[in-house]
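Reader: Please show me the model, and then let me ask for the grounds of each term that you apply.

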Amino acid sequence: MKKFLCLSSILVTSFGLAACSNNNSSAADRDRNTNNPLKQASEKLKEDSISATRIKLTFNDKEVLIRMYDNSASMAFLAQLPLKVAFEDYIGKEKISILQKRLSADDGQAGDPSKKGDFAYYAPWGNIAIFYKGFEDATNDLIILGQIESGKENVENIHGDFTVTIEKVTK
């Protein structure tokens, strides 16, 4: 009889734990199937991090206006302006230029995949990049500094190396 009661207790406890476990996994499944609040918060943070600061890239009698994000790498870049740099095409998706002075790469925005129109900094090489096509693969070393507001077509349509004057827009 004692064995029967002991065995019954173990079975009841096991079923109870199994039931709790199933309820938790169902809740987890429901959470995965609903909108992810962390993802929504991250997207909202990016929207809020757009600053009023703009820069102008001038080359071959054309202009590109970029609205900078409010992050430490962007501020470090702005501190280097005005600049005159040479850009070259890289992998048919971006124009790049190596900066003489590296930016701080300890920013929390690193690791996002680039989109068409992003102005970014790639920490390992110390270069800035203008993405004229999206790049699906995220890297932990890419920091988005800003987004092109106007003139994307000017970047897309230029071929070969070109020299750019970068200055802060004061209006």
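Reader: Why is strand S7 called largely enclosed by the rest of the structure?
Author: A residue is buried when its relative accessible area is under 20%, exposed when it is over 50%, and partly exposed in between, with a 1.4 Å probe and protein chains only. In strand S7 (residues 142–150), 7 of the 9 residues are buried, so the strand is largely enclosed by the rest of the structure. This is a predicted model, in which local features need pLDDT of at least 70 and side-chain atom pairs count only at pLDDT 80 or more, while totals for chains, interfaces and linings use all residues. Residues are numbered from 1 along each chain as its sequence is written, and side-chain values use heavy atoms, with hydrogens and water left out.

Reader: What makes S2 and S7 a pair of strands?
Author: Strands (E, at least two residues) and helices (H or I, at least four) are DSSP runs numbered from the N terminus, and two strands pair if DSSP finds at least two bridges between them. S2 and S7 run antiparallel and are joined by 4 bridges, so the requirement of at least two is met. One of the partnerships sets arginine 67 against glutamine 147 in S7.

Reader: How do you know that strand S5 also pairs with S7?
Author: Strand S5 (residues 118–122) is linked to S7 by 5 bridges in the antiparallel sense, and the rule asks for at least two. In S7, leucine 142 is the bridge partner of tyrosine 122.

Reader: What makes alanine 73 buried or exposed?
Author: Alanine 73 has 0% relative accessibility, so this residue counts as buried. Its place is in helix H3. The C-alpha atom of alanine 73 lies 8.7 Å from that of isoleucine 144, although the two residues are 71 apart along the chain.

Reader: Which residues have the most contacts inside the largest nonpolar core, and what makes it a core?
Author: A nonpolar core is a set of buried Ala, Val, Leu, Ile, Met, Phe, Trp, Tyr and Cys residues joined through side-chain atoms within 4.5 Å. The largest such set has 29 residues, and those with the most contacts inside it are Ile55, Phe77, Phe119, Ile128, Leu145 and Ile166. At least two residues of this core come from each of S1, S2, H3, S3, S5, strand S6 (127–131), S7 and S8. A second, separate core has 7 residues, among them Tyr69, Ile96, Ala120 and Leu142.

Reader: What does phenylalanine 77 touch?
Author: A contact means heavy atoms within 4.5 Å. Leaving aside residues up to four places away in sequence, the neighbours of phenylalanine 77 include Ile55, Met68, Leu99, Phe119 and Leu145.

Reader: Why is the pair of phenylalanine 59 and phenylalanine 162 called tilted?
Author: Rings of Phe, Tyr and Trp (its six-membered ring) pair if their centres lie within 6.5 Å; planes under 30 degrees apart are stacked, over 60 edge-to-face, and the rest tilted. By this rule there are 5 aromatic pairs. The ring centres of phenylalanine 59 and phenylalanine 162 are 5.0 Å apart and the planes stand at 45 degrees, so this pair is tilted. Because phenylalanine 59 lies in strand S1 and phenylalanine 162 in strand S8 (residues 162–168), the pair ties together parts 103 residues apart in sequence. Phenylalanine 59, at 4% relative accessibility, counts as buried, as does phenylalanine 162 at 5%.

Reader: Why is the pair of tyrosine 122 and tryptophan 125 called edge-to-face?
Author: The planes of tyrosine 122 and tryptophan 125 are at 85 degrees and the ring centres 5.2 Å apart, so the pair is edge-to-face. Tyrosine 122 has 22% relative accessibility and counts as partly exposed; tryptophan 125, at 41%, is also partly exposed.

Reader: What makes the phi of asparagine 60 and of aspartate 61 worth noting?
Author: Most residues other than glycine have a negative phi, and most peptide bonds are trans. Asparagine 60 has a positive phi near 45 degrees, and aspartate 61 has one near 60 degrees. Asparagine 60 is in the loop between strand S1 (50–59) and strand S2 (62–69), as is aspartate 61. Asparagine 60 has a relative accessible area of 52% and is therefore exposed; aspartate 61, at 82%, is exposed too.

Reader: Which peptide bond is called cis?
Author: The bond from leucine 81 to proline 82 is cis, with omega near 0 degrees. Proline 82 sits in the loop between helix H3 (72–78) and strand S3 (83–90).
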